[in-house]
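Reader: I'm new to this structure and would like a close look at a single part. Could you pick one helix, take me through it slowly, and then show me what else is around?

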Amino acid sequence: MYATRARRARPEPFAVHPGIAERLGLPYMDGPMAIAAIGLAAFSVFVLAQATLHDVPGDPYYFADRQAIYAILGVVGMYLLARVDYSRFRELRVGIYTFLCVSIALVFVFGFAARGSRRAFELPLFSFQPSELGKVLLVLALAGFVIDGARKGSEVQRTVRYLCLGLAPAALVFLQPDLGTALVFGAITLAVMYVGGVRWTHFAAIGAALVALTAAVLVAAPAIGVPILKGYQEQRLTSFTHPSADPANAGYQQNQAKIAIGSGEMTGRGNRATQTRLDFVPERHTDFIFAVIGERYGFFGAAFVLSLYALLIWRALRTVTLSKNSYGTLVAGGIAAMLLFQVFVNVGMNLGIMPITGIPLPLLSYGGSSVLATLLAVGVLQSIHMQARLGQRGRFAW
Amino acid sequence: MYLRSDERGPAMNNRLTLRIAIFGGFAVVLFAVLFFRLWLIQVIDGDKYLAEAKNNRTRSYRVSAPRGEILDRNGNVLVANRTSLALQVNPRKLPAEESQRRVEIARLAELTHSTPSRVRRTMRKELKLAPAAPVTLRRDVGHYLVYYLKENQQRFPGVEVQRVFVRDYPDGTLAAHLLGNVGEIEEEELKERRYRGLEPGDEIGQDGVEDTYDRYLRGRPGLTKVQVDALGQPTPNGRLVTQPPAPGDDLKLTIDENVQAAGEAAMAEKGLRGAFITMDVHTGEIIALGSYPTFEPALLTPPLTQKQVDETYRNPLAPLTDRAISGLYPTGSTFKPITAIAALESGKLTLSEVIEDTGQLVIGGQPFKNAGEAANGSVDLVEALEVSSDVFFYTLGYRMWKTGELQRWAHALGIGRPTGIDLPVAEETLLPSQHWRNQLYREGGTERPWSPGDNVQLATGQGDLQTNPLQMAVAYAAIANGGTIVTPHVGMQVDDAAGRVLKEFAPKPRRHVRMDSEYRAAILEGLHDAAQGGRGTSVDVFGSFPIPVAGKTGTAQRPPYPDQSWYGVLAPYPNPRIVTFVTMEEGGFGVEAAAPAAKKILEAYFAHRLAHEANGEEGEEGAGG
């Protein structure tokens with residue numbers, strides 16, 4: 001009697017007649033993470049609908065409609081990916097890595113130029129930016145290489161190998177030129193190496209090299225007449241230290257973004273948000289969408305968005321610790337770092353504490369490739385979570 | 001390396017846990033930074049940014065206020081406003097590309113009948129003054145040009161046509177020296193207290209009453225706030241606040257347009273450089289004041305063409321100089337009444353004293369001769385004034401040469417000192433005196449100290465004396481009114497746009513000089529005889545004038561130039577209400593040039609009364625009464 005009641009009270013997950021949620025695998029997914037990701041994507045559509053209304057003549061909801069389609073596709077992709085055992089990607093690492101590098105390289109050949117840089121392919125219906133998806137692919141491939149190469153060569157050799165593997169696609173992206181994404185690639189590489197256990201001393205060496213490189217790029221190279229960064233890139237990188245110096249230049253955008261956010265005050269200005277509505281803030285549907293949110297919805301709105309990101313990243317870090325295997329740990333760590341880096345740099349740029357690097361705000365910035373890639377990354381996290389949950393029970397979802 | 005490559009089992013170990021913990025801590029710190037920064041910007045400094053945002057989206061345009069009109073004492077308009085189309089260019093909206101910019105500036109130069117370098121210079125100059133304001137290249141552009149620009153707007157980025165107020169002078173050159181003109185405020189003027197609150201590009205009065213009474217005439221510019229987008233373009237329905245401009249108040253002058261016109265016509269008729277003034281002897285109200293040659297005040301509105309610059313500023317005849325106020329002349333015999341009052345009051349002459357006029361007076365071996373070397377015989381003061389006996393006044397000058405009474409009285413009557421007229425001129429005149437000459441001599445500025453000859457010269461208005469019709473008019477007025485040194489003025493009252501009187505100007509007399517009424521009566525009698533008596537010097541001109549007057553000719557010697565003609569007249573005699581002074585450089589004897597002009601001025605002033613008397617009626621007094 002007692003045993004029977006106990007069984008009824010806590011039915012086995014894989015009962016003979018599993019429920020619909022059970023069939024969909026939902027109990028094994030990370031609910032808060034999914035809510036955070038889908039919530040951010042939905043909020044993005046909402047913000048774009050309000051802030052870019054009538055931006056495109058004849059199509060008042062141009063940006064919102066498209067973003068909604070990308071988000072729905074992305075959520076579907078996220079779900080499908082969640083049901084795949086991510087560990088397969090480890091086996092496919094060479095293929096993934098090759099695809100990553102080739103697709104980025106192909107942009108140089110077939111890509112179309114927008115504002116002086118070639119970043120995307122023009123496909124029917126939408127344009128595809130390989131470097132966005134490349135962020136996820138790099139995590140998957142690099143984590144595989146780290147696991148695979150864990151016993152090959154000395155530690156220094158391994159560190160150099162990981163660095164080279166990570167920085168090769170970063171260099172390609174940098175040449176497009178797309179400094180922001182290149183930096184994201186770099187951050188991903190370092191994060192995977194970090195979670196992968198590369199020695200602190202090696203990180204210290206890398207850090208020193210980075211400082212030297214920065215000095216060389218920003219100070220030494222221009223001094224000897226070999227500018228590595230384009231003029232506007234350098235201006236953007238350095239102008240945040242003196243944003244008001246020239247309102248008509250690089251610091252202008254940042255200044256306007258800061259004014260926009262500040263003017264939102266506690267509760268926001270709603271439709272009276274002149275800063276973003278009257279074009280004072282540039283790129284308001286992409287890189288500076290956080291300024292739009294800050295002005296329209298005030299501290300409450302902006303803090304709400306930041307909280308969703310905090311929730312998302314917390315769940316990602318939690319997934320790192322839950323993973324059933326080391327590959328999952330590295331992948332989750334890489335994705336968590338990718339999200340954290342992009343959110344901090346983009347929001348910091350909007351708030352005037354980080355340079356302008358052209359890094360989109362994951363899920364919120366308008367852009368199909370970015371939204372899809374980010375949702376797919378969340379799908380990978382869900383997969384790790386699901387595998388861990390199922391692994392605890394010793395079964396696979398399908 | 002702590003990673004195990006096996007796929008099963010929990011992947012965590014202690015070192016990894018530590019790394020993840022650090023990772024998590026790092027994430028917490030980053031989010032804390034973002035939240036703190038967000039709080040700082042939105043909640044702590046939010047008001048500041050909100051103000052910046054509001055400032056960002058609005059542009060304020062100053063809407064210039066029409067200046068008040070300037071009227072004569074009877075309400076006739078001397079200066080009005082009209083709207084004009086001005087061609088303006090906003091240098092910030094010109095093409096950034098230097099080659100395109102050059103093409104457009106060349107086109108603009110062609111349209112404004114200028115040269116590219118002059119257009120650039122104008123833009124540089126104006127930009128220094130007002131960095132954001134559009135630069136006016138040409139005023140009074142025709143409608144055809146406006147249409148041309150509208151049709152070819154894309155070829156002229158940054159060029160616009162603006163409606164501006166400009167001064168309009170319905171009577172052309174009338175009273176040009178009094179009125180002054182209007183121009184954009186200069187950089188240094190912005191710092192002055194009286195121009196507080198003005199901004200670069202605002203217009204202020206320059207010279208004349210436009211300057212003196214600028215604070216009444218100026219008005220208050222309006223303000224239009226327009227919502228703009230990031231490119232500075234006004235947004236549709238974006239007009240936010242409009243504070244209409246407050247037009248300036250109207251200024252009524254003491255000038256009588258008819259008298260003024262008569263005076264200017266009389267001057268122009270002779271065509272000699274000179275000046276005239278007609279003033280109320282009791283109040284100091286200036287009824288007419290002019291200088292010849294004159295100029296068109298309308299032409300002084302920049303930008304000027306080179307020809308206009310040459311004609312006004314570089315003209316050797318100096319048409320811009322107001323000779324009535326800024327002239328520096330000896331006055332000839334018109335000075336004699338001053339000598340007379342000085343001698344009488346200081347006891348150096350009695351009314352009954354007769355002096356033998358032999359035609360010359362020899363002092364220290366140097367002969368001082370009458371004009372024309374005429375001998376007038378025995379004359380008393382009245383007769384001496386009537387015939388303008390130089391010897392009589394030489395004698396008086398000689399009697400006072402050491403004691404300084406002549407200087408003291410001339411000074412008291414206002415010769416050689418500022419009159420306080422309400423026009424922005426520096427009054428630098430000279431009344432020669434013993435002290436002045438000896439000082440100059442000590443400094444090596446002259447070859448001899450003060451001598452009797454100097455005072456003899458001064459007694460007849462010759463020599464070093466440098467004064468002008470205005471000061472002489474004030475001195476004559478004092479003799480006529482019993483010793484009141486009036487403050488000459490042209491501003492009479494300020495009316496608001498509705499015609500209500502806001503302010504009346506009646507400047508207090510400068511001072512009172514005590515003088516014996518018998519002496520005054522004698523002097524006036526002498527002057528009356530000079531104008532209308534049997535042997536009078538100007539009886540040829542005024543002998544048949546129906547209104548009794550008291551007038552004195554003057555012939556000032558200004559070697560190497562020909563003599564300067566003077567005439568001073570008080571009317572009506574014996575209780576004068578106005579004083580008129582006329583002088584003409586190189587006009588010869590006073591009776592030849594200046595007296596006829598003075599008569600024309602009096603005819604205009606008493607036109608009403610003269611018309612009545614011509615009709616045989618006992619009429620009212622003059623038009624200016």
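Author: Let's start with one helix and then move on to other parts of the model.

Keep in mind that this is a predicted model. Our helix is α6 of chain A, residues 93-110. With 18 residues at 1.5 Å a residue, α6(A) should span 26 Å, and its end C-alpha atoms are 25 Å apart, so the two figures agree.

Now, which residues of α6(A) are buried? They are Arg93(A), Ile96(A), Tyr97(A), Leu100(A), Ile104(A) and Val107(A). If you look down the axis of α6(A), these buried residues fall within an arc of 105°, so they line one face of the helix. Turn to the other side of α6(A) and you meet exposed residues: Val94(A), Gly95(A), Thr98(A), Val102(A), Leu106(A), Val109(A) and Phe110(A).

For another helix in chain A, try α3, residues 31-51. It has 21 residues and reaches 29 Å from its first C-alpha to its last, close to the 30 Å expected at 1.5 Å a residue. The buried residues of α3(A) include Met33(A), Leu40(A), Ser44(A), Val47(A) and Ala51(A).

Next, the place where the two chains meet. Here 45 residues of chain A are in contact with 37 residues of chain B. On the chain A side, the elements giving two or more residues are α9, α12, α13, α14 and α15. The largest share comes from α14(A), with 11 residues. Sorted by class, that side of chain A has 23 nonpolar, 18 polar and 4 charged residues.

Over in chain B there is a hairpin to look at. Strands β18 (residues 491-495) and β19 (residues 501-504) run antiparallel, joined by 3 bridges. Asp495(B) stands opposite Val501(B), which belongs to β19(B). Between β18(B) and β19(B) lie 5 residues, and in the turn Gly499(B) has a positive phi of about 95°.

Finally, how far can you trust chain A? Its pLDDT averages 84, and 85% of the residues score at least 70. Over residues 1-7 of chain A, though, the pLDDT is below 50, and this stretch has 0 contacts beyond near neighbours in sequence. Residues 394-398 of chain A also have a pLDDT below 50, but that stretch has 9 contacts beyond near neighbours in sequence. Where pLDDT is low, the predicted coordinates should not be read in detail.

Methods. Residues are numbered from 1 along each chain as its sequence is written. Chains are lettered from A and ligands numbered from 1 in the order in which they are written. This is a predicted model: local features need pLDDT of at least 70, side-chain atom pairs count only at pLDDT 80 or more; totals for chains, interfaces and linings use all residues. Helices (H or I, at least four residues) and strands (E, at least two) are DSSP runs, numbered from the N terminus. The expected span of a helix is 1.5 Å times one less than its number of residues. A residue is buried if 20 or more other C-beta atoms lie within 10 Å of its own, exposed if 12 or fewer, and partly exposed in between; C-beta atoms are placed from the backbone. The arc is that of the directions from the helix axis to the C-beta atoms. Two residues are in contact if their C-beta atoms, placed from the backbone, lie within 7 Å. Ala, Val, Leu, Ile, Met, Phe, Trp, Tyr, Cys and Pro count as nonpolar, Asp, Glu, Lys and Arg as charged, and the others, Gly among them, as polar. Two strands pair if DSSP finds at least two bridges between them. pLDDT is the predictor's confidence in each residue, from 0 to 100.
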